[in-house]
Amino acid sequence: MRIVIQRARDAQVTVDGEITGKIQQGLVLLVGLTDGDGEKDIQYLAEKTLHLRIFEDEAGKMNRSLLDVGGEILSVSQFTLYGDCRKGRRPNFMAAAKPETAERLYNRFNEELKKYGVNVQTGVFGAMMDVSFTNDGPVTLILESQNGKGASLQPSKE
């Protein structure tokens, strides 16, 4: 599982000219899923996303989490995060989870975020979407679960 996180002052997603999700201060999440992703990946990345200290405190330091600032989330499914561009000029999306699996896991991820009392808005899975937002900072980070071949599901011992 792979998430591109962008700190936002405001954001919205539209499908066929209609707004399907809109937030004020918070995070825009572009969420990609791959084969082998499951409940551990969802729980790890939901908890990690909500507790990342990427909002400024009174001293201007990134010391506050989304939960600390009462922020919102705009979550958008994004299978292209698993596009492989190493060969040729056309991306290969074979690593992206199959649509029926990805949709189930994406919805489960959003449910996990909501358990923390966060307002989670979404686009429409599989639809062509227009996402617009003001990137605050700009702050953009990438999180990966173990199945995403990134961070381990266990805390670092460093």
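This section describes the fold, the largest pocket, the ring contacts and some local features of a predicted model.

The protein chain contains 3 helices and 8 strands. Read from the N terminus, these elements follow the order β-β-β-α-β-β-α-β-α-β-β. The C-alpha trace spans about 45 × 45 × 30 Å along its principal axes. For a chain of 158 residues, a compact globule would be expected to have a radius of gyration near 15 Å, and the value found for the protein chain, 15 Å, agrees with this. Of the 158 residues, 42% count as buried.

The largest pocket has a volume of about 490 Å³. Its lining is made up of 22 residues, and those closest to the centre of the pocket are Ser77, Gln78, Phe79, Thr80 and Gly126. Three elements appear as contributors of two or more residues each: strand 3 (26-32), strand 6 (72-77) and helix 3 (99-114). Strand 3 provides the largest share of the lining, with 3 residues. Sorted by class, the lining holds 16 nonpolar, 5 polar and 1 charged residues.

A search of the whole structure for aromatic pairs returned 2. One of them is formed by Phe79 and Phe93, with 5.0 Å from centre to centre and 65° between the planes, an edge-to-face arrangement. Both Phe79 and Phe93 lie in the loop between strand 6 and helix 3, so this pair ties together parts that are 14 residues apart in sequence. Phe79 is also among the residues closest to the centre of the largest pocket. Phe93 has a relative accessibility of 31% and therefore counts as partly exposed.

Tyr106 and Phe125 form a pair whose ring centres are 6.1 Å apart; the planes meet at 40°, so the pair is tilted. This contact links distant parts of the chain, since Tyr106 belongs to helix 3 and Phe125 to the loop between strand 7 (120-122) and strand 8, 19 residues away. The two partners fall into separate accessibility classes: Tyr106, with a relative accessible area of 2%, is buried, whereas Phe125, with 26%, is partly exposed. A further contact with a ring involves Arg2, which lies over the face of Tyr82 at 4.2 Å from the ring centre.

Two other residues of helix 3 were examined for accessibility and for their distance to another residue. Arg104 lies in helix 3 and has a relative accessibility of 53%; the cut-off for an exposed residue is over 50%, so Arg104 counts as exposed. The C-alpha atom of Arg104 is separated by 10.0 Å from that of Phe125, a residue 21 positions away along the chain. Asn107 is likewise placed in helix 3. With a relative accessibility of 34%, Asn107 counts as partly exposed. Between the C-alpha atoms of Asn107 and Asp41 the separation is 13 Å, and these residues are 66 residues apart along the chain.

Glu58 is located in the loop between strand 4 (55-56) and strand 5 (62-64). Its relative accessible area is 75%, so Glu58 is exposed. Measured in sequence terms, Glu58 and Val31 are 27 residues apart, while the C-alpha to C-alpha distance between them is 30 Å.

Two features of the backbone complete the description. Most residues other than glycine have a negative phi, and most peptide bonds are trans. Asp16 has a phi near 50°, a positive value in a residue other than glycine. Asp16 is found in the loop between strand 1 (2-15) and strand 2 (18-23). Its relative accessible area is 77%, so Asp16 is exposed. The second feature is a cis peptide bond that joins Gly137 and Pro138, with omega at about 0°. Pro138 lies in strand 8 (residues 130-144).

Methods. Residues numbered from 1 in each chain as written. Predicted model: local features only at pLDDT ≥ 70, side-chain atom pairs only at ≥ 80, totals over all residues. Heavy atoms only, no water. Helix = DSSP H or I, 4+ residues; strand = E, 2+ residues; numbered from the N terminus. Buried < 20%, exposed > 50% of the residue type's maximum accessible area, 1.4 Å probe, protein only. 1 Å grid on protein atoms, 1.4 Å probe; cavity = no way out; pocket = protein on both sides within 12 Å on 5 of 7 lines; lining within 4 Å. Points joined across faces, edges and corners; volume = space filled by probe spheres on them. Nonpolar A, V, L, I, M, F, W, Y, C, P; charged D, E, K, R; others polar. Phe/Tyr/Trp six-rings, centres within 6.5 Å; stacked < 30°, edge-to-face > 60°. Lys NZ or Arg CZ within 6 Å of the ring centre and 35° of its normal. Rg over C-alpha atoms; globule rule 2.2 N^0.38 Å.
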